[in-house]
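Q: Please take a close look at the salt bridges of this model. I should like one connected account that sets them within the chain as a whole.

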Amino acid sequence: MKTVPVRAVQVGEPDGAPASEPPGWSLRWLVVAPHRIGFFAAACMLAVSALWWGTALLSRAAGHELPWAVAPPAAHALLMGLGFTPLFIAGFLFTAGPKWLGEPAVDARMLCRPILLMLAGWCIVLPGLHLAAPWAAAGMVLVAGGWSRLCWRFLAILRASRVPDRSHAQVVATACMVGAVTMWVVVGALAGSDLTLLRAATQVALWCFVATVFVAVSHRMIPFFSASALPALDAWRPMWLLWTMVAALWGEAFAAVAALGWGPLPFWMRGMQAAIELPVAVLLLWLALRWGVVQSLKIRMLAMLHAGFLWLGLAYALSALSHALMATTAGELSLGLAPMHALTMGYLGATLLAMATRVSSGHSGRSLAADNTAWAMYWVLQAAVVLRVVAALWEAGSMGVTLLAVLAWTTATVAWALRYGRWFVRPRVDGRPG
């Protein structure tokens with residue numbers, strides 16, 4: 001294979017120019033490496049999800065509400081929580097997981113059928129959310145089946161491993177199995193038109209599956225990346241930090257399900273929730289400083305990861321304040337959806353974009369430096385997060401600001417999908433395999 005020359009760029013270079021793309025493209029390149037097929041499918045779902053929700057909100061603002069077979073907030077939570085994120089997780093998991101566990105690389109062709117099942121399922125779920133809930137349930141059978149197969153394959157790698165430290169992989173595997181269970185619960189909820197069960201399943205999936213996977217990856221990778229790029233920092237990541245963060249996330253899932261199952265929680269329980277969330281917020285914000293969020297600003301790619309993690313601490317701080325307000329005002333005041341969007345769009349969205357950009361760049365033979373295009377996409381996404389949090393806090397201008405947030409989110413995610421999606425169907429620019 002012909003080698004394409006690439007301009008050398010140091011990791012710390014702020015805006016290294018991307019290498020020229022090799023000519024031609026083919027879908028066969030998707031099965032060359034696990035991240036290719038996982039990220040390509042995820043990029044498609046990411047763009048479709050953003051365009052779908054943007055269209056729904058614009059139609060509502062124009063006075064033309066779309067038909068809904070499932071309540072819009074529940075449909076939004078389902079697609080945004082379980083649509084594209086598990087596919088990104090699959091691409092990352094079967095790329096990094098075998099390295100963590102000292103096992104051979106995974107043949108990407110083994111992932112084709114379950115990922116195609118999931119994509120086919122979402123193609124049925126999406127119209128079903130508008131036309132008929134049982135139709136959406138039928139699509140979720142394919143999604144849950146595909147994800148369950150992926151979980152089983154990762155468990156096989158985990159069981160075969162003999163490396164001493166398997167803690168992060170075990171946390172991720174447990175979270176992924178919880179995700180599979182919640183997907184099957186969603187099938188039943190949609191089939192039975194049980195909105196409460198659907199909302200409970202998506203809440204458990206958010207906290208115990210998606211957020212838990214991201215926290216485990218953050219705990220393992222952010223200190224490692226920071227120490228590698230900045231010698232003044234150490235890869236400090238004691239395991240008690242991981243267990244504390246996971247416990248905090250699962251506690252939020254319990255509170256969310258309790259509120260759905262038994263109605264509004266008593267104000268003393270909201271006060272207890274705030275009393276737990278506040279020290280967690282302080283711990284996470286301190287951890288962001290300890291891991292080098294300030295020092296990371298010298299290196300764009302590293303700063304993207306650190307800024308994403310910072311949102312986790314901010315989300316807990318906003319949540320503590322919101323629950324304290326609810327406890328002291330008999331539920332009349334709260335911060336609404338501001339804490340939720342700080343978590344989902346801020347921590348999960350920014351971390352996903354940063355990590356996927358890093359993996360896509362490194363495994364395509366390009367520099368790990370974030371160029372101007374990647375940097376611009378990231379900060380458009382950050383603008384979307386800030387706008388959405390402001391919209392939750394500012395009732396008078398919430399619709400207009402929300403539309404601006406959706407526009408920024410759609411711009412960033414669709415641009416990412418278009419740019420990096422092309423990389424997954426082309427050979428590496430350095431001519432190496434993978």
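A: Burial is graded here by relative accessible area: buried means under 20%, exposed over 50%, and partly exposed in between, with a 1.4 Å probe and protein chains only. On that scale Arg290 is partly exposed, with a relative accessible area of 26%. The model is predicted, so that local features need pLDDT of at least 70 and side-chain atom pairs count only at pLDDT 80 or more, while totals for chains, interfaces and linings use all residues. Residues are numbered from 1 along each chain as its sequence is written, and side-chain values use heavy atoms, with hydrogens and water left out.

Arg290 meets Asp234 in a salt bridge, with 3.0 Å from N to O; the term denotes a side-chain nitrogen of Lys or Arg within 4 Å of a carboxyl oxygen of Asp or Glu. This pair links distant parts of the chain, 56 residues apart: Arg290 belongs to helix α9 (residues 267–290), and Asp234 to the loop between α7 (195–229) and α8 (239–262). Helices (H or I, at least four residues) and strands (E, at least two) are DSSP runs numbered from the N terminus. Asp234, like its partner, counts as partly exposed, at 39% relative accessibility.

The structure holds five salt bridges, and two others may be set beside this pair. Arg109 bonds in this way to Asp107, the closest N and O atoms being 2.8 Å apart. Arg109 is exposed, with a relative accessible area of 57%, whereas Asp107 is partly exposed at 30%. In the salt bridge of Asp430 and Arg428, the N to O distance is 2.8 Å. Here both partners are buried: Asp430 has a relative accessible area of 17%, and Arg428 has 9%.

The charged side chains of the whole chain comprise 28 positive and 15 negative ones, and the centres of the two sets lie 11 Å apart. Lys and Arg count as positive and Asp and Glu as negative, with His and the chain ends not counted. The place of each charge is taken as NZ of Lys, CZ of Arg, CG of Asp or CD of Glu.

Helix α9 also contains Trp268, which is exposed, with a relative accessible area of 58%. Trp268 and Thr328 are 60 residues apart in sequence, yet their C-alpha atoms are 9.1 Å apart in space. In helix α1 (residues 34–61) lies Ser59, a buried residue with a relative accessible area of 15%. Not counting residues up to four places away in sequence, Ser59 touches His64, Glu65 and Leu66, where contact means heavy atoms within 4.5 Å.

These details belong to a chain of 13 helices and zero strands. Among its contacts with a separation of 6 or more, 80% involve residues 24 or more positions apart. Of the 434 residues, 56% count as buried. The chain exposes about 17,900 Å², of which carbon and sulfur atoms supply 70%; these areas come from the Shrake-Rupley method with a 1.4 Å probe, and for residues only the protein chains shown count as cover.

The C-alpha trace spans about 65 × 50 × 45 Å along its principal axes. The radius of gyration is 21 Å, which agrees with the value near 22 Å for a compact globule of 434 residues. That radius is taken over C-alpha atoms, and the globule rule is 2.2 Å times the number of residues to the power 0.38.
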